[in-house]
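Please open the structure in your viewer and keep the selection tool at hand. The stops below each name what to select and then say what is there.

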Amino acid sequence: MKAIFLSLAASTATICNGFCQEAPTKTDDISPAMAAVTANDRAYEEAYAKADLAALVGFFTEDAEYTSDDGRNFSGRASIEACLKEAFSDKKGAKIAITADSVKLITPEVAVEKGSTTVIGADGESESLYTAIHVKKDGKWKISQLIETPMPETTPTERLSVLSWLIGSWEEADKEAGVTVHSTYSWARGGSFITRNVTVKRGDDSVLEGWQIIGWDPLEEKIRSWTFDDGGGFSGGLWTRDGDRWLVRETGTAADGSRTSADQTLSRAGDDKFFWESGNRTLDGDPQPGIGRIEIKRVKGE
C-alpha cells in the first residue's frame, strides 16, 4: 500500500477554506477552490513529512470509505488509521507531492476532487490517481469516500512524443566540400521506436550510410539511441533534455576497433530547423577537434 490516499486529507481542509463561507452554486466556478487546494496541499506535504498520523485521520468522517490502489477496502476511521500506520512504517522518511486536477462542487455540502499524488521514498517514487468525495459537517469539509487507482503506465510512444517534431526529412549541406547529409526520421511499426536513415553524398555519389534507432530505456529512465554506419562502426547514447536542447552523450567503437566518445547537441529552432554540434570528442582517449554549429533544415514535401 503506497499511502497515496493520505494526500486527500490536505485537500479536505483546502476545500473548507474555499467553501466554508457561502458556497457557490455554479459547478464550473472552481478556480478559487483550486487555488485553495494548491495552497493547502503544500501545508499538507509538510505534515506528511512529519508523519502526523492523528492530524491525517482527522480529515476523514467517522464512517469514511477508502479503496486503495491495490483493491483493498477500509471502512471507518479506525480501519483507515491502521492503514495509515502501516503505510508510514513502510515509508519512513517519505515525502509526498500532490496535484489536484479538479474540484467540483456538486451541492453546497458535497464536493468531488480528482487528482494525482507522488510518494517519494528511499526505494523510489510511486504514483496514483484519486477521486475523493468531500462532505461538509459542522462547518468543516471531510472525506467521506476515497477511491485510489494505479497510475496508467506511460507507453514508449508517449515517452518519445517529445521528439515527434523530428519525424520527416532533414538536410544539411556543405557547399564548399560539395557534401550533403540527408536524414529521414520515422516511427517504427508499433510506435515504440523512432528510426533514422542517414545518407551522405558528395555530388551524386553516396559516400556513407547510417542508421539510428531511438527508444525509451526503462532502466535508465532516459531516451537512448543506437547508431550504426555501413563501415562497421557503432555507438550508443543517452539523451538529456534541457528545454528545446538535447544533449546526447555517445560512446562507440569504430570499424578498426578504436574507441570513440562525443557529446552531440541538438537545438530545436522552430518546426523546420534545428542546429547540431559535437564537442568533447575523443579517439582512444585522445581529444579530437569539435564540430561547430551546423544548421539543419526540414525538407518540404517529403
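A residue is called buried when its relative accessible area is under 20%, exposed when that value is over 50%, and partly exposed in between. The model on your screen is a predicted one.

Begin by selecting Trp211, which has its place in strand E10; because its relative accessibility is 37%, Trp211 counts as partly exposed. Now add Phe193, Ile213, Trp226, Phe228 and Phe234 to the selection, and you will have, together with Trp211, a nonpolar patch on the surface whose accessible area is about 540 Å² in all. Strand E10 (205–217) and strand E11 (222–229) are worth colouring here, since each supplies at least two residues of this patch.

Next, turn to the interior and select Tyr48, Ile80 and Leu146, the residues with the most contacts inside the largest nonpolar core, which has 22 residues. Among the elements that give two or more residues to this core are helix H2 (31–49), helix H4 (76–90), strand E3 (95–107) and strand E6 (140–150), and H4 gives the most, with four residues. Apart from this core lies another, of 15 residues, which you can find by selecting Leu166, Ile194, Leu266 and Phe274, all among its members.

Finally, select Glu158 in helix H5 (residues 156–160). Is Glu158 buried, exposed or partly exposed? Its relative accessible area is 47%, so Glu158 is partly exposed. A polar atom of the Glu158 side chain lies 2.9 Å from the backbone nitrogen of Thr155, while Ser192, 34 residues away in sequence, is 8.7 Å from Glu158 in space, C-alpha to C-alpha.

Conventions
Residues numbered from 1 in each chain as written. Predicted model: local features only at pLDDT ≥ 70, side-chain atom pairs only at ≥ 80, totals over all residues. Heavy atoms only, no water. Patch = residues over 30% accessible without salt bridge, like charges linked within 9 Å, V, L, I, M, F, W, Y side chains within 5 Å. Areas by Shrake-Rupley, 256 points an atom, 1.4 Å probe, with all protein chains shown as cover. Salt bridge = Lys/Arg side-chain N within 4 Å of Asp/Glu carboxyl O. Buried < 20%, exposed > 50% of the residue type's maximum accessible area, 1.4 Å probe, protein only. Core = buried A, V, L, I, M, F, W, Y, C linked by side-chain atoms within 4.5 Å. Polar contact = N/O pair within 3.5 Å; in protein donor to acceptor, adjacent residues only side chain to side chain.
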